Amino acid sequence: AGPNSTLVDKVSELYPGRASMSPVLDLFITLLSLGAPGWKGLLSERKENYKWFGERLAETASAQGLRLLSCPGNTISYALDLTSLARSMEAKGQGDMDHLTFLGSALFTRRVSGPRVVLCAEPEGAAPEAPEATEGGAASSVKVKGKYKKTIDGVTFQSYGAHTDTYPCCYLTAACAIGATRSELTSFLETLKGALDDYRKGAGRKQKEEKGKDKITKPKEAAAAPNA
């Protein structure tokens, strides 16, 4: 609604029509029920939980051979460098780094919907967050396929879903959102450990390989049927 019907019509033409009023109404009701003291209390609690969660996430990452990235400009989300995990899979001859996204789906099936794996293309030069060099040469970034390059309305995104076209490592994001309790964050860390263990055991990858074999064998069986 507005005083200028022409402007309203133009805005309505641009509106995609997929959104709903329900979330906005729910938020409005929630804010009214909390009041200013309740809202400020949640903000304060989130800041305390953010620091607490970061310390425990760093401990979990270290125990899993991963690295917590330093992102001082982001006071809500954390990111785990997955380079060491990718290299360990390469050492086992399982070098399809695109499969790192299984961690995100593994967490989702465990009812953790926020975190996701971001696969990034290699930068041309060194970046501040680049993994440290190892003995015998410089550290190598994870190689990913070109399917993470997308073009939308003529604009090309090299590492679609990331905040930049190039980044020195693939990473897993995890946020300490408002309203999250320490018990929920602790539960997430335990779930993350389980997902990482499953990934190292080949979960998801084995099913993918079996499906690939089925696609190869089934056409041969179908072709042999007429001669039976």
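What follows is a conversation about a predicted model of one protein chain.

Visitor: How many helices and strands does the protein chain have?

Guide: In this predicted model, the protein chain has six helices and six strands, and from the N terminus on these elements run α-α-β-β-α-α-β-β-β-β-α-α.

Visitor: And how much of the chain is buried?

Guide: Buried residues make up 27% of the 228 residues in the protein chain. The accessible surface comes to about 15100 Å², and carbon and sulfur atoms account for 56% of that area.

Visitor: What share of the contacts comes from residues 24 or more positions apart?

Guide: If you take the contacts in the protein chain with a separation of 6 or more, residues 24 or more positions apart account for 70% of them.

Visitor: Let's go to the sheet. What is the order of its strands?

Guide: It is an open sheet of four strands in the order β1-β2-β6-β3, and the pairing is antiparallel. The edges are taken by β1 and β3, each of which has a single partner strand, so one side of each is left without a neighbour in the sheet.

Visitor: What holds strands together in a sheet, in general?

Guide: Strands of a sheet pair through backbone hydrogen bonds, and the pairing can be either parallel or antiparallel.

Visitor: How many bridges join β2 to β6, and how many join β3 to β6?

Guide: Five bridges join β2 to β6, while two bridges join β3 to strand β6, which covers residues 171-175. Leu172 in β6 appears in both pairings, since Val117 stands opposite Leu172 and Leu172 is also the bridge partner of Leu80.

Visitor: Which helix packs on that sheet?

Guide: Helix α2 packs on the sheet, where it touches β1, β2 and β6, and the direction of α2 makes about 10° with that of β2.

Visitor: Can you give me a residue from α2 to look at, and tell me what Ala61 is in contact with?

Guide: Ala61 has its place in helix α2, and, leaving aside neighbours within four places in sequence, Ala61 is in contact with Leu66, Arg67, Leu68 and Leu80. The C-alpha atoms of Ala61 and Leu80 are separated by 7.3 Å, although these two residues are 19 residues apart along the chain.

Visitor: Is Ala61 buried or exposed?

Guide: Ala61 has a relative accessible area of 3%, and because buried means under 20%, Ala61 counts as buried.

Visitor: Does α2 have another side to it, say, where does Leu25 sit?

Guide: Leu25 also lies in helix α2, which spans residues 22-63, and Leu25 is partly exposed, with a relative accessible area of 41%. Together with Met21, Val24, Phe28, Ile29 and Leu32, Leu25 forms a nonpolar patch on the surface, and the accessible area of these residues together is about 620 Å².

Visitor: Switching topic, how many salt bridges does the structure hold?

Guide: The structure holds three salt bridges. One of them joins the side chains of Arg56 and Glu55 at 3.6 Å, N to O; Arg56 is partly exposed at 29% relative accessibility, and Glu55 is partly exposed as well, at 40%.

Visitor: What about Asp81 and Arg67, which strands are they in?

Guide: The side chains of Asp81 and Arg67 meet in a salt bridge at 3.1 Å, N to O. Asp81 lies in strand β2 (residues 77-81) and Arg67 in strand β1 (residues 67-68), so the pair ties together parts that are 14 residues apart in sequence. Asp81 is buried, with 4% relative accessibility, whereas Arg67 is partly exposed at 31%.

Visitor: And which residue does Asp198 form a salt bridge with?

Guide: Asp198 forms a salt bridge with Arg110, and the closest N and O atoms of the pair are 2.2 Å apart. This pair links distant parts of the chain, 88 residues apart, with Asp198 in helix α5 (residues 182-200) and Arg110 in the loop between α4 (102-109) and β3 (117-118). Asp198 counts as partly exposed at 25% relative accessibility, and Arg110 counts as partly exposed at 31%.

Visitor: Since you mention α4, which of its residues are buried?

Guide: The buried residues of α4 are Phe102, Leu103, Gly104, Ala106 and Leu107. Just after α4, the backbone at Arg111 takes a positive phi of about 65°.

Conventions:
Residues numbered from 1 in each chain as written. Predicted model: local features only at pLDDT ≥ 70, side-chain atom pairs only at ≥ 80, totals over all residues. Heavy atoms only, no water. Patch = residues over 30% accessible without salt bridge, like charges linked within 9 Å, V, L, I, M, F, W, Y side chains within 5 Å. Areas by Shrake-Rupley, 256 points an atom, 1.4 Å probe, with all protein chains shown as cover. Salt bridge = Lys/Arg side-chain N within 4 Å of Asp/Glu carboxyl O. Buried < 20%, exposed > 50% of the residue type's maximum accessible area, 1.4 Å probe, protein only. Contact = heavy atoms within 4.5 Å. Pairing = 2+ DSSP bridges. Axes fitted to C-alpha atoms, helices over the stretch in contact; angles between N-to-C directions.
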